[in-house]
Amino acid sequence: MSEQSGHIVSSFDDDIASIRRSVTKMATLVEEQYKLLHHIIDTGSASTVEDVLENEPKLDEFDGKIRDQVITFITLRSPMAIDLREGLTALKISTDLERLGDYCKNISLRIQALEEIPPAEIKNEILRMTVMVQGQLKRVIDAYVTKNKDKALEVRNADAAIDQHYQMIYNQIIEDIKSKPNKIKTLANTKLLFTIKTIERAGDHITNIAEEIFYTVTGEILTTPRPKGESEQ
Amino acid sequence: MSESLKIAVKNLNVFYGKKQALFDINLNIFSNEVTSLIGPSGCGKSTLIKCFNRMNDLVEICKYDGEVLIDGKNINDTSTDPVSLRTRVGMVFQKPNPFPKSVYDNIAYGPKLHGMYKNKDDLDEIVVSSLQKAGLFNEVKDRLFEPGTGLSGGQQQRLCIARALAVNPEIILMDEPCSALDPIATAKIEELIEELKEKYTIVIVTHSMQQAARVSNRTAYMHMGELVETGLTKNIFSNPEHAKTQDYITGRIG
């Protein structure tokens, strides 16, 4: 389907634009949260954890606002086809964004509560994984703003790299646990295992968003399996 | 959903004088389904349904080529009697148009004209059952011999549907049957359409996207005399194939 022209009733376009603006703002705030998260993992900064906690309720507000906007839009406009998909996927995307925000908060608190600083090589890999998630977020927002199904597909396909990275760090942490068994280290490493699993799950939610963008633009639900890089852990 | 073909339109072109109104229309309409025709004013929807009961015969300057087959038989063959065709293919119009006669006589008119009853009891039975099928009997049973034009708009429209049913049609054509009705009367007609499709094949022209979505199994979108797209209603309104269809149903072109 080619690029849409405007509605005869221009306020219809305004409603859609307003919903899209809210989703984009919410996504941008999530992007900001992951930038802060990177700093927290890197430096352990307590004040940055405070920043993350302060931002988190704003995401809930966005989620509620988008729900209100979409319900009003559907009630008053009776949208069809691509317009209806715009509304419905805005709801789903905001749920994924809200979840991404939750993950960010959880990881921040977990990092803050670590019993000891992780070994440099593991920390660097976790940072690298976080950067990958940040890149995916940036690209998925770009796909949303430009309504670009190909970019959405690229994001979907790129998640496998995060899965692979997760697997690699997982193995590294398990090796670390085995190499110097002591209680404190094991506790800290267990938290790191949860941390990387949560980052990996964040990647999955970004993939959800990419699929929702693809659906909005094309009307087709992707049925091919997601490319996988993850094993069973 | 049955899949038995009731009306087949093949390469139909219709002209009013020099002006071509329909361009190479190909459309299948299936038994016991409701098919909606949608599209902007002047796109040829009404012209098309008038081809299903040869109403265009009455328009002198109207010429056509191509075929309209009902149950596989070309209705434009010289062997087809247009009057008996119109008993098989009933029509309900935008504005309720009861005859200036009693409720009873409105319904009895067709059966009388075609000699479709044996005796008075038989005719009474046809009147009552037609009114029942149109969901109107309970509302008018005490007013059968009062003028049909005294009923409310929604009742008049159901009276016209009952009148069409009285001659035992197979197909019912409805040309914007609810455009003059309030939402309650509209809902009653839509409920009736749902019931009628059990026995009849229904083709409805409507300007209401929501109505087409609510009542029909299949939808055909027409634009400037051409059939742009036809398909299952749920597909047409959720993910049409053609940009023109999407532009129309989402309110992007007039």
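Across all chains, the structure, which is a predicted model, holds 5 aromatic pairs. One of them brings A:Phe12 together with A:Phe73 in an edge-to-face arrangement, with 5.6 Å from centre to centre and 90° between the planes. These two rings come from distant parts of the chain: A:Phe12 belongs to helix 1 (residues 10-43) of chain A, while A:Phe73 belongs to helix 2 (residues 46-77) of chain A, and 61 residues separate them. As for solvent, A:Phe12 has a relative accessibility of 9%, so it counts as buried. A:Phe73 is buried too, because its relative accessible area comes to just 2%, and the cut-off for that label is under 20%.

Chain B offers a pair of tyrosines, B:Tyr221 and B:Tyr248, and here the rings are stacked, at 5.0 Å centre to centre with 25° between the planes. B:Tyr221 sits in strand 9 (residues 218-223) of chain B and B:Tyr248 in helix 10 (residues 243-249) of chain B, so this contact ties together parts lying 27 residues apart in sequence. How buried is each partner? B:Tyr221 has a relative accessible area of 0%, which means that it is buried. B:Tyr248, at 11% relative accessibility, counts as buried as well.

Rings also turn up beneath arginines. In chain A, the ring of A:Tyr215 has the charged end of A:Arg85 sitting over it, 5.8 Å from the ring's centre. In chain B, the face of B:Phe99 is where B:Arg163 lies, at 4.2 Å from the ring centre.

Note on methods
Residues numbered from 1 in each chain as written. Chains lettered and ligands numbered in written order. Predicted model: local features only at pLDDT ≥ 70, side-chain atom pairs only at ≥ 80, totals over all residues. Heavy atoms only, no water. Phe/Tyr/Trp six-rings, centres within 6.5 Å; stacked < 30°, edge-to-face > 60°. Helix = DSSP H or I, 4+ residues; strand = E, 2+ residues; numbered from the N terminus. Buried < 20%, exposed > 50% of the residue type's maximum accessible area, 1.4 Å probe, protein only. Lys NZ or Arg CZ within 6 Å of the ring centre and 35° of its normal.
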